[in-house]
Amino acid sequence: MNKYKRLSVFILMLFLMAFQCEEDLEPQFAFNKYKVAISPEASFSINDTIWIKGRISSYALDLNTNDSIFGIEPPSDSFGVFKLMTPADASNCRDALDKFELIFSTGDFSFISACENADLIALPELEADESFYSYRIGLKAMHPGDYVISLQDGNLLNTNRNEYLIEDYPLVNYPGQIGFNRCGSVSWRFLAASDAEYFFRVE
């Protein structure tokens, strides 16, 4: 009897181990980063439109099998729009989506509730040839000033980012940094360590 009992326990253990392995092998995917291109001019006029387009491969890497898988929707992208301002103690730009008319061209968009005037979430759609997902949004300039578009995680394709514009807004207490004021909450990035900011002027 003990022999059969030990055999039953052994079979049960094998079953539980197999079940655990199946749980461990739940699909996990890795995605490329968005590649983002912004209208390359350094200066725009009122009523001009600054276009932002992001693209990401329609294939994801299955980390369990190391296979490239089609049809897995990628994560959203996000970026912020800010107006450079006379430096305060901690910040030299503030949320500025209300300085533009938003033109939704491709994909779906939503606002980050913590500060709807600062950041946009972009949900891409699959392109016709199914090689990429993409989004496209326009910022129609309504107010003059110096501005910056700051990407959260995407790779900015523009090689000339017009960094000279930020030189007129130095933060004395945070040298070499840009301070983003999002509805009163401030965060910083070191300019020399980031290539995710694109500066432009509206005249």
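In this predicted model, E101 has a relative accessibility of 39% and therefore counts as partly exposed, since that class spans the range between 20% and 50%. E101 belongs to strand β9, which covers residues 100–106. Once its neighbours within four places in sequence are set aside, E101 is in contact with G138, L139, K140 and M142. With L139, the separation in sequence is 38 residues, while the C-alpha atoms are 5.8 Å apart in space.

**Overall composition**

The protein has 203 residues, of which 37% count as buried. Its secondary structure comes to one helix and 18 strands. Among the contacts with a separation of 6 or more, 71% are between residues 24 or more positions apart. The accessible surface of the protein is about 11,800 Å², and carbon and sulfur atoms account for 54% of that surface.

**Nonpolar cores**

In soluble globular proteins, nonpolar side chains tend to be buried together. The largest nonpolar core in this model contains 28 residues. Within this core, the residues with the most contacts are I50, I52, F79, I149 and F200. The elements that each give two or more residues to the core are β2 (35–38), β4 (49–57), β7 (77–84), β11 (119–123), β13 (132–141), β14 (145–151) and β18 (197–202). Strand β13 provides the largest share, with five residues.

I50 illustrates the surroundings of one core residue. Not counting residues up to four places away in sequence, I50 touches I38, S39, F44, F100, I137, G138, L139, A141, I149 and F200. Two of these, I149 and F200, are also named among the residues with the most contacts inside the core. Apart from this core lies another, of 12 residues, including L84, I166, I178 and F180.

**Salt bridges**

Side chains of opposite charge can pair when their charged atoms come close. The model contains six salt bridges, and three of them are described here.

D119 pairs with R182, with 2.7 Å between the closest N and O atoms. D119 is located in strand β11 and R182 in strand β16 (residues 177–182), so that distant parts of the chain, 63 residues apart, are linked by the pair. D119 is buried because its relative accessibility of 8% is under the 20% limit. R182, at 19%, also counts as buried.

A second salt bridge joins the side chains of R201 and D146, at 2.5 Å from N to O. R201 lies in strand β18 and D146 in strand β14, so this pair ties together parts that are 55 residues apart in sequence. R201 is partly exposed, with a relative accessible area of 27%, whereas D146, at 6%, is buried.

In a third salt bridge, the side chains of R161 and E163 meet at 3.1 Å, N to O. R161 is buried, its relative accessible area being 10%, while E163 is partly exposed at 35%.

The accessibility of the residues in these pairs is set out below.

| Residue | Relative accessible area | Class |
|---|---|---|
| D119 | 8% | buried |
| R182 | 19% | buried |
| R201 | 27% | partly exposed |
| D146 | 6% | buried |
| R161 | 10% | buried |
| E163 | 35% | partly exposed |

**A three-stranded sheet and a surface patch**

An open sheet of three strands follows the order β1-β5-β6, and its pairing is antiparallel. Strands β1 (29–30) and β6 (67–70) stand at the edges, where each has a single partner strand, so one side of each is left without a neighbour in the sheet. Strand β1 runs antiparallel to β5 (residues 59–62), and two bridges join them. One bridge partner relation is that of F29, whose partner in β5 is D62.

F70 lies in strand β6. With a relative accessibility of 38%, F70 counts as partly exposed. Together with Y59 and L126, F70 makes a nonpolar surface patch of about 260 Å².

Methods. Residues numbered from 1 in each chain as written. Predicted model: local features only at pLDDT ≥ 70, side-chain atom pairs only at ≥ 80, totals over all residues. Heavy atoms only, no water. Pairing = 2+ DSSP bridges. Helix = DSSP H or I, 4+ residues; strand = E, 2+ residues; numbered from the N terminus. Patch = residues over 30% accessible without salt bridge, like charges linked within 9 Å, V, L, I, M, F, W, Y side chains within 5 Å. Areas by Shrake-Rupley, 256 points an atom, 1.4 Å probe, with all protein chains shown as cover. Salt bridge = Lys/Arg side-chain N within 4 Å of Asp/Glu carboxyl O. Buried < 20%, exposed > 50% of the residue type's maximum accessible area, 1.4 Å probe, protein only. Core = buried A, V, L, I, M, F, W, Y, C linked by side-chain atoms within 4.5 Å. Contact = heavy atoms within 4.5 Å.
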